[in-house]
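User: I've got a structure to go through. Can you walk me through the main points?

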Amino acid sequence: MLVGAILQVRRDRQNRHRIACYQAWEVQLTDYLFKGGYERGSFGPIPHADRWLFRNFLARYQSTLAGQESEVLRQLYLGLDIHLSLPRRLRSRDPRVRAMAAQEIGAFRLDELTGTPPPPVADRPWRWNPGVRIEGYLNLVLPLLDDPVPYVAHVAARTLTHSQDLRFASPVLAWVMREEVYQRERLLRVLEGFGPSLLPWMKDHLESPDQNPEPWILFALLVGSHRHRDSQPRLLWLLEVPHVNLRVSVLKSLIILADPTIYPKVLPFASSPVWEIRTQAARALGVLGGPSAIPALLPLLADRVFEVRRNAAQSLVDLGRAGVSALTWIAEDSSADRFARDIARERLEWADERGHL
């Protein structure tokens with residue numbers, strides 16, 4: 001108990017010291033970034049014992065800045081030579097230290113390519129030190145993809161993707177495919193860091209979807225995330241692959257791209273024997289077909305699966321007056337299917353409560 005009390009007192013003291021430092025540095029940082037402090041070249045002295053704390057402080061603010069302020073903060077970080085300890089910290093036994101080191105490399109862009117041209121003199125009123133443009137740190141991050149601590153591997157993957165360097169696309173994608181801790185949506189956010197340029201790379205490097213459809217599911221979802229219309233022909237090609245999850249993902253992205261010319265290609269999926277596909281088709285028909293999709297949506301109101309009925313009814317509501325009229329007709333028709341009447345009434349009440357009618 002005594003040891004625990006001592007440790008608690010020590011942690012409280014460290015927290016008070018951290019808060020005091022952050023409060024002082026926040027004022028200094030405002031002067032440095034926005035009141036010409038960087039032109040005088042002085043942020044103020046940082047005690048050697050507090051440099052690790054200052055490193056965390058800068059990394060926290062770096063992600064909130066852009067443009068000139070971001071570059072000024074990066075120069076401040078590099079000017080303190082904190083980055084020289086990164087190779088050692090990436091090999092630390094403490095996973096928090098490894099993760100922080102990987103995060104710093106991404107936040108402060110410590111692996112810019114030598115081919116990246118420096119900004120014109122007229123566009124860089126801050127101090128410019130070309131000597132600090134360094135390479136090789138991303139290669140040190142690469143082994144962390146196999147780190148036994150999932151959080152460390154996740155941070156390493158984010159750092160590699162935010163570099164937008166497609167040399168790392170293959171190992172990051174391999175990590176995503178074998179990752180079991182994080183949900184697909186979170187892994188998708190990691191891959192989005194590469195930007196739209198990852199999509200042509202995936203077209204050229206992925207195996208056939210008949211042999212390995214899982215990476216193509218990510219491809220389809222990324223097309224939707226980036227709204228990458230150039231990839232629509234490949235989505236339509238993937239729609240022909242008889243894989244349920246792949247077709248569902250493709251339909252989700254086609255809904256986002258919202259190209260009405262592909263409506264005839266999506267229409268047959270409204271009668272798919274797989275309810276997950278019919279569910280997405282019900283949304284896609286309304287988005288792609290407009291009022292002309294009403295005859296195809298009405299039979300889906302009587303589908304045996306609730307999700308299909310709900311999406312079909314929602315698509316009709318989203319169509320406006322024509323769709324609402326069709327729903328009202330179903331709701332008031334005593335000879336209509338019972339499930340169709342119920343979902344029509346439910347959606348009409350839902351829309352009325354939200355002022356959509």
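User: How many residues are in the largest nonpolar core, and which have the most contacts inside it?
Analyst: This is a predicted model. Its largest nonpolar core has 112 residues. Those with the most contacts inside the core are W25, V172, L285 and L301.

User: Which helix gives the largest share of this core?
Analyst: Helix 12, residues 214-226. Eight core residues come from helix 12.

User: What does L301 touch?
Analyst: Leaving out residues up to four places away in sequence, L301 touches R309, A312, A313, L316, L327, I330, F339, A340 and I343.

User: Switching to pockets. How much space lies in the second largest pocket?
Analyst: About 400 Å³. The pocket is lined by 13 residues, and the closest to its centre are W52, R55, N56, R96 and V97.

User: Which elements give two or more residues to that lining?
Analyst: Helix 3 (51-62), helix 5 (86-90) and helix 6 (95-107). Helix 6 gives the most, with five residues.

User: And the lining by class, what is it?
Analyst: Five nonpolar, three polar and five charged residues.

User: Now the backbone. What is phi at Q164, and where is Q164 found?
Analyst: Phi of Q164 is positive, about 55 degrees, although Q164 is not a glycine. Q164 sits in the loop between helix 8 (150-162) and helix 9 (169-178). Most residues other than glycine have a negative phi.

User: What about phi of A258?
Analyst: A positive value too, near 55 degrees. A258 lies in the loop between helix 14 (244-257) and helix 15 (263-266).

User: Why does A258 count as partly exposed?
Analyst: Because its relative accessibility is 34%. Partly exposed runs between the 20% and 50% cut-offs.

Terms used: Residues are numbered from 1 along each chain as its sequence is written. This is a predicted model: local features need pLDDT of at least 70, side-chain atom pairs count only at pLDDT 80 or more; totals for chains, interfaces and linings use all residues. Side-chain values use heavy atoms; hydrogens and water are left out. A nonpolar core is a set of buried Ala, Val, Leu, Ile, Met, Phe, Trp, Tyr and Cys residues joined through side-chain atoms within 4.5 Å. Buried means under 20% relative accessible area, exposed over 50%, partly exposed in between (1.4 Å probe, protein chains only). Helices (H or I, at least four residues) and strands (E, at least two) are DSSP runs, numbered from the N terminus. Contact means heavy atoms within 4.5 Å. On a 1 Å grid over the protein atoms alone, a cavity is a set of points where a 1.4 Å probe fits but cannot get out, and a pocket is an open set with protein on both sides within 12 Å along at least five of seven lines; lining residues have an atom within 4 Å of a point. Grid points are joined across faces, edges and corners, and a volume is the space filled by probe spheres set on the points. Ala, Val, Leu, Ile, Met, Phe, Trp, Tyr, Cys and Pro count as nonpolar, Asp, Glu, Lys and Arg as charged, and the others, Gly among them, as polar.
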